[in-house]
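I am opening a new notebook page for this structure. The entries below follow the order in which I looked things up.

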Amino acid sequence: MEDKFDCIVIGGGIAGLSAAMTLARNDMKFLLIERGEFSGAKNVSGGVLWGEGLSKLVPNYWEDEDAGFERFINHRRLTFMDGDSSFSIDFKSESFNEKPYKGVIVLRAKFDNWLAEKVQEAIDQSKYSEESFLAPNILVEEVLMKDGKAVGIRAGEEEFFADSIILAEGVNNLLTRQVGLQDSYVPADYLAVGVKEIIKYEQSVLEDRFQLNGLSGMSNEFIGTATMGVEGGGFLYTNRDSISFGLVLGMISLRDAKLTPYDVLNHFKEHPVIQDILRGGEVVEYSAHAVSTGEMKVMPKEVFTDGLLVAGEAANLLMNSGKAIQGMDYAMHSGVLAAETIIEAKDKGDFSKTTLKVYRDKLENSFILKDMKNFQDAVHFLHSPQMFETVPSLVCDFGKQFFSIKNEPTPKTREMLTKSIKKHSSYWELIKLGIKGAKSL
Amino acid sequence: MKKLSIAERLGMVNYLNQSKTEAKPHILVDTDICNHTCDHKATTYVCPAQCYTLDEVGKVHFQFEDCIECGTCMYACDKGAVTWNYPDPEIGRGVKWNFG
């Protein structure tokens, strides 16, 4: 066992690569195993990588000629929809052009692959340049346990051993289940399915349609008839010469409505407002993935055990709070925190859970679990039927009155609002909703 | 924009090991459970790749070849009919995203 690793990282997505980058920079001897042909080959996300975490992991990444991101976000839009209208809150700010960017749009097949190259560069400069590896195209089938401690992994006939394991296998966390940190069956109640199309445009068409300048980009979320009454919402993100366009739909809600995600997607695309946005594009890829919603009930019982830590979506670290869908930033930061914990454990010479539980504390003290705890009410609020049915209808109904000029005596805005509220809800319901919303956000 | 069928959508997916006639299935479904004890047949709705279908007499059929590894069926089936694994990179099916 002389050639055992300090750490084996399972999964070469954002959590795994961020852990690997941290390990490499701290001269740790590690093996990262990715089941895809390359990092990103199996990964799907909306997707925006929010926050400034990337600039800490890859300093000045924007100077890289072909940095893996598509566009930075300086324009955000939230759109409420009913059957024939849309009502948007639109915010654009030049201040978001400042570096480090506050959010970058990514396509995972490209981004993760780029990040893996950066990790390889870090390995090349580390003490273990010949003994640390990124190993793609290998499926880890088992975490090897000895006396309740994780000691290695098995892939086919091959076994590899290490002092520690970081599980960064994504939301479908089979190994996290195998080691007993997650139940063997995870019910659909707190999960959603995301479906997405990559729709290609001539770059000039894309830039004109979405008012893009250089590498600036826009994110647009949609709630209301987009989802045919199914819990969830739509999204649109501008890439370099395409858009990522799709829906996130609650699994149980979809089941109960007896609708398929691709039929709901077709419905969304047929909305007159959406048709005008999408016109002239060509779909070049259709993809889908299960995704957490931010409900903490679904999380593994614990994120550490003897010799092992769980990072990223494998620990269901993701949240849709209504402001943004955050998952990749959580993956990145939890990967870094997991690696830091392993580095400290090596210094102490102790990889037992007594030492590794520090990872839990690090997560608790970081924005990840602080925000997930603070915004649980927002997660519930966002998944209430009022939010994806009543509110969008009411808002659009008000819009139709407020923005139409009829050459008739015009009612005061308050009367219009009252009319819309009475049609779709009641003042009392709305006050309750308002209080809930104000408290949760 | 032209309305796309699910077949057209899946036609854009880059599947692995397509040249191999017999890929190793990574998902096993006990459709006896679907047909005899399941009241909701959720997988036939939620699967985004139409791997689960209902025939004219309401029986569930499953094929893994079109699976895009999203994992949804593993959660949606609460009857224990779905045994879900990742496809083997060498002899399994599964996807390689161009964009992701």
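**Entry 1: chain A overall.** I began with the secondary structure of chain A and found 16 helices and 19 strands. The model is a predicted one, and I keep that in mind throughout. Next I looked up the extent of chain A. Its C-alpha atoms fill a box of roughly 85 × 45 × 35 Å along the principal axes. The radius of gyration of chain A is 23 Å, which agrees with the value near 22 Å for a compact globule of 441 residues. I also noted that 55% of the 441 residues of chain A count as buried. For contacts in chain A between residues at least 6 apart in sequence, I read that 73% join residues at least 24 apart.

**Entry 2: domains.** I then looked up how chain A is divided. Domain 1 takes in 5-71, 101-187 and 295-374, domain 2 covers 189-292, and domain 3 covers 380-440. I picked domains 2 and 3 of chain A and found their C-alpha centres 25 Å apart. Where they meet, 9 residues of domain 2 of chain A are in contact with 6 residues of domain 3 of chain A. On the domain 2 side of this contact, strand 12 (216-224) and strand 13 (232-238) of chain A each give two or more residues. By class, I list that side as 1 nonpolar, 7 polar and 1 charged.

**Entry 3: strand 11.** Is strand 11 of chain A largely enclosed or open? I checked residues 191-200 and found 9 of the 10 buried, so strand 11 of chain A is largely enclosed by the rest of the structure. I looked up its pairing partners next. Strand 15 (residues 282-292) of chain A runs antiparallel to strand 11, and 10 bridges join them. Within this pairing, L191(A) has S292(A) as its bridge partner. Strand 14 (residues 242-250) of chain A also pairs with strand 11 in the antiparallel sense, over 9 bridges. There I noted V193(A), whose bridge partner is L249(A). As a general reminder to myself, side chains in a regular strand alternate between the two faces of the sheet.

**Entry 4: chain B against chain A.** Last, I looked up how the chains touch. I found 32 residues of chain B in contact with 44 residues of chain A. On the chain B side, helix 1 (6-10), helix 3 (43-46) and helix 4 (72-76) each supply at least two residues. Which element of chain B supplies the largest share of that side? I found that helix 4 of chain B does, with 4 residues. The residues of the chain B side divide into 21 nonpolar, 5 polar and 6 charged.

Terms used:
Residues are numbered from 1 along each chain as its sequence is written. Chains are lettered from A and ligands numbered from 1 in the order in which they are written. This is a predicted model: local features need pLDDT of at least 70, side-chain atom pairs count only at pLDDT 80 or more; totals for chains, interfaces and linings use all residues. A residue is buried if 20 or more other C-beta atoms lie within 10 Å of its own, exposed if 12 or fewer, and partly exposed in between; C-beta atoms are placed from the backbone. Two strands pair if DSSP finds at least two bridges between them. Two residues are in contact if their C-beta atoms, placed from the backbone, lie within 7 Å. Ala, Val, Leu, Ile, Met, Phe, Trp, Tyr, Cys and Pro count as nonpolar, Asp, Glu, Lys and Arg as charged, and the others, Gly among them, as polar. The radius of gyration is taken over C-alpha atoms; the globule rule is 2.2 Å times the number of residues to the power 0.38. Domain bounds come from an automatic or database domain assignment.
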